[in-house]
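Trainee: Could we go through this one together, starting with the odd backbone spots and then moving on to the wider layout?

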Amino acid sequence: MNANLIKIIICVFLSGFFLLSYGQNIEFKKSNFPDRKKELKIAIKNIKKGDDVYKMGRGLYENAIDFYLKANSFNPNNAQLNYKIGFCYLNTIQKNKAIFYFETAHKLDSTVAPDIKYLLAQAYQLNMQFDEAISYYNKFRSTASPSMLTVYNKEIDKKINECQTGKLLLANLIKVFIDNAGDAINSSYSDHSPIINADESSLIFTSRRSDVTGGKKDPADNSYYEDIYIAHKINDVWGLAKNPGKPLNTDLHDATVGFSPDGQSLYIYRGNNGGDIYQCKLDGDKWTKPVRLSNNINTKYHETSASFSYDNKKIYFVSDKTGGYGGSDIYVSEKDEHGEWKSPINLGPVINTPYDEEGVFMHPDGKTLYFSSKGHNTMGGYDIFKSVYENGKWSTPENIGYPINTPDDDVFFSMSASGKHGYYASTKKNGYGGLDIYSVTFLGQPKPVVINTEDNLIASKTEPVKTVVIQEKIIPQSSQLALLKGTITDKKNNMPMKAKIEVYDVDEGTVIADFESNSLTGKYLISLPSGKNYGVTVKADGYLFHSENFNIPPDASFTEIIKDISMQPVEVGSNIILKNIFFDYNKYDLRPQSKIELENIYSILTAYPSMVIEISGHTDSFGSDAYNQTLSEKRAQAVVDYLINKGIDKNRLVAKGFGKTKNIATNETEEGRQLNRRTEFKILSN
Amino acid sequence: MKNKNFWIFILLIISCTSLYSQKDEVIITPNISAENAYNQALFYLEKQQYQNAIKLLDYAINKNPSFVKAYYNRGIARFQNNDYIGAIADFTRVIDKEPSATAYFYRGQAKIAVNDIDAALLDFLKSAEKDPSIAEVHYNIGVIKFEQQKYEEAIKSFDTAINLKPDYAYAYNDRGSAKRQLNQLDEAIEDYIKAVKINPNMAFTFNNLGSIKKQQGKYEEAISFYNKAIDLKPDYYIAYNNRGSAKFDSGNYTEALADFNEAIRIKPDYVFAYNNRGNAKYKLNMYNESIEDYTRAIQLDANYGFAYMNRGIVKEQLRDETGACEDWQKAAELGIENAKVVLKDQCNK
């Protein structure tokens, strides 16, 4: 029997015992209240009612408190009643109120319950009074029976360590602004597990508000079943969150766990089969029916949380299946060539601990993992940690600090692609009730203000030597990625359209990911982690492909690139710039990095066998006219030669060089010259 | 009546020969010799009446254009009268005719005054070559080396100055400052202590002691030395500013604020104190008031990059992201390295 189970049995036993029996101090007895028999009778009735409600489950503790408090107002000096009230408060969101009642119980009778000191320590820990908590944990250890110690001893060490961590985190609190997400998002019920897409334009979360699908309550905790809600930002303000209804939500628990960076796919949690992960996609403005992920991901155990990688090629998920490092662990699985999930791999002991891990979120930068854990250096319950995957290794998880983490459970944290904003659920003063969703604005690394003094004065100077204090270095911490987003439209009618977007590594010549724009809005969003030269090809049936190139250097800070793309139908006169055709400087040999773009041209010529095209070369204004003319002709011919070698009839291909005669941008800047140096594709007949 | 006029004439002659006019301006007796004028100039030099000395020496040089000693003394008078260009010209004439260690030394000092430091160093080195026994020459070489951030060479020159003049309090102070730059903090403290033992009235040395203790994180000792500096010189705004910074560094922002207030009261255009007071107010959550102080500092010195940097930090706290980025942009333009990092990190610039 494991230690946790023994502990639970002891707690249940103790709670049951002390809830059903009365101890010392001023007991609820007629002899103690000879002149107030009627009130005594009511008080005892209230205790009985409280006990009955208490027994119905944790979700009703709050209701039990109401009865207990009525009895307590009649006789505030009963140790056991105070203990019960404290215990109930400790299990609600008003945990801070537990301290007063536990302290009162302890003062009235320090042996009111064997675990009173332990619970008091817990209450102090949850209220961030760490020194008091440590003191009570130590007192509990020194007074507990040997049998209790065998169960609690290891736990006490962990709790004391948590308190020490708490003190450290409290002394080094991180600079953030925490804002309630507002009444468009939050309700008077519990709203939690928020996940945002990469550019923070959509927020998806779980709520237990009264308009859930089916409108029923879970008898386990007397709260409404969970449903998924979605909100979109309009002019930087959250629009009213909406319940998307069926098929996303059902009459039972439906909870958010993962949201793809482009906002087009969702992972959700459903309680069947011990708890499984499902996926659904946005088709226009409708969510498809959730599909259970394969058995490589879902098992008979509990799979509770999942996150998309930036390229949709990997899934990070949480499972408590056997064979891990203890409790729930985080796993990763990759898609095989058929798009099926491979057998998952445990992320290993750097990430997973003997305790539970939960709430996994992979940042759109493709390397920073946020997750919650009861292990590592938590300050109590689940804390949120981050770890970065670099050079084939996960970095030691870092507690993201107070005030985001608290001694209570902090689970589900999602971060915008820019790294500036995070979202999580918490209970705070002036909230809307229950758990609320909050946004966290990070202020970057601490920036110490600079003091200027005049030190080291030289005696002979009437004016002293002026010196300044040496600055502390700030390490950049913004996300290293670019967000590429925009709308894809049909050039003819300007209507948004669905198109396939392929992202590939130009240097490696490999396709990294493919996406689709939304069929209704034409919107797309792609995360491009820095350190690669990306080629992007947008394709749709009946249209010429569109190509873009984004070279994101390794040290590039977060940038957002808005690129609206107008797709040209396959018809005579349509032309595109081939942005991923590369030549060496002043040469006309095609570089190997051009291969994917060349293959795209080849594909379209194969798809339209009667199409005749013109490939034209263009230069900037540097160099002589004759030189530029020759270079542009040879470059155009190089592309044509490639296609002829691939088997395209040479009569379908025209190579033209225009030198610098058709510049499309200024030659005064490098950016302009770069635009001028280009290769174009034009349909001459079809 | 004729008798009366005669006595008035005699009185006028006497007043001329006593060399004073009613406004203490010398009136040169007509036709006196160059040597006579030169000798009279020495009298005024001793009395620190440099204008009169210059007038007489002008006369002497006019009478005798090759009068080297007159050039030399006029150089001294012009130097003392803050006419450094004139002094340099005079000492150059001297050096051309009769080069001496002292002429090079004074020309070097005049060149320092006009910020021609490299040329001054050459003069001091020439002076030391001609006569290596002048402690002040080595001291001045040390000061230039210090300003050129050649601290080890500076220390060698201060060593020589101290060997030549063992009670040279200034040389001890400055050697202490050079050692501090080399992070030889204990040795620096020894030199400062030696300096104030020789001359216990050097408020700036107590200020230096305070600053070195502050650097060591010994804030109470630092404050005690700054107190001593302020006792010696009650209007010592630099010491108030520095004491405030020690209190700031030790987390006592309220008392720091009081010191910065006092520094500003004494010197209302003291730009550092405005910046620092802004910092103290920021720490006391007086964000709007702190911005006013940084803004005042910027008004006083438009190139004060740190004030822009700090104001940006407070604007960020006030959630004025645009304003913060604008300030950091300006700070970055003014060469503040941290601002460049923050701009890239948080403003995507």
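**Backbone, strands and the chain contact**

Mentor: Let us begin with A:Pro403, which sits in the loop between strand S21 (398-399) and S22 of chain A. Helices (H or I, at least four residues) and strands (E, at least two) are DSSP runs, numbered from the N terminus. This is a predicted model, in which local features need pLDDT of at least 70 and side-chain atom pairs count only at pLDDT 80 or more, while totals for chains, interfaces and linings use all residues. Residues are numbered from 1 along each chain as its sequence is written, with chains lettered from A and ligands numbered from 1 in the order in which they are written.

Trainee: OK, so is the peptide bond from A:Tyr402 to A:Pro403 cis or trans?

Mentor: The bond from A:Tyr402 to A:Pro403 is cis, and its omega is near 15 degrees. The bond from A:Lys246 to A:Pro247 is cis too, with omega near 5 degrees, and A:Pro247 belongs to the loop between strand S7 (237-238) and strand S8 (254-259) of chain A.

Trainee: And the sign of phi at A:Glu200, positive or negative?

Mentor: A:Glu200 has a positive phi of about 60 degrees although it is not a glycine, and this residue lies in the loop between strand S2 (191-196) and strand S3 (202-207) of chain A. In chain B, phi of B:Asn285, again a residue other than glycine, is positive and near 65 degrees; B:Asn285 is placed in the loop between H16 and helix H17 (287-300) of chain B.

Trainee: Buried or exposed, A:Glu200? And B:Asn285?

Mentor: A:Glu200 counts as buried because it has 20 C-beta neighbours inside 10 Å (buried is 20 or more other C-beta atoms within 10 Å, exposed 12 or fewer, partly exposed in between, with C-beta atoms placed from the backbone). B:Asn285 is exposed, since 10 other C-beta atoms lie within 10 Å of it.

Trainee: Back to S22, then. Where in its sheet does S22 of chain A sit?

Mentor: The open sheet of chain A has 4 strands in the order S1-S24-S23-S22, with antiparallel pairing. Strand S1 (176-180) and strand S22 (414-415) of chain A are its edge strands, each pairing on one side only (a pair needs at least two DSSP bridges). S22(A) runs antiparallel to strand S23 (residues 421-426) of chain A, with 2 bridges joining them, and A:Ser414 stands opposite A:Tyr423 in S23(A).

Trainee: How many residues of strand S28 in chain A are buried?

Mentor: In strand S28 (residues 523-529) of chain A, 6 of the 7 residues are buried, so this strand is largely enclosed by the rest of the structure. Strand S25 (residues 481-490) of chain A pairs with S28(A) in the antiparallel sense over 7 bridges, and A:Lys485 stands opposite A:Leu525 there. For chain A as a whole, buried residues make up 44% of its 686 residues, and its secondary structure comes to 11 helices and 36 strands.

Trainee: Switching chains: what is B:Ala203 in contact with?

Mentor: Setting aside neighbours within four places in sequence, B:Ala203 is in contact (C-beta atoms, placed from the backbone, within 7 Å) with B:Ala229, B:Leu232, B:Lys233, B:Tyr236 and B:Ala239. B:Ala203 belongs to helix H12 of chain B and is buried, with 20 other C-beta atoms within 10 Å. B:Ala203 and B:Ala229 are 26 residues apart in sequence, yet their C-alpha atoms are 4.4 Å apart.

Trainee: How many residues does each chain give to the contact between A and B?

Mentor: Chain B gives 36 residues and chain A gives 25 residues. On the chain B side, the largest share, 7 residues, comes from H20(B).

How values were computed
Two residues are in contact if their C-beta atoms, placed from the backbone, lie within 7 Å.
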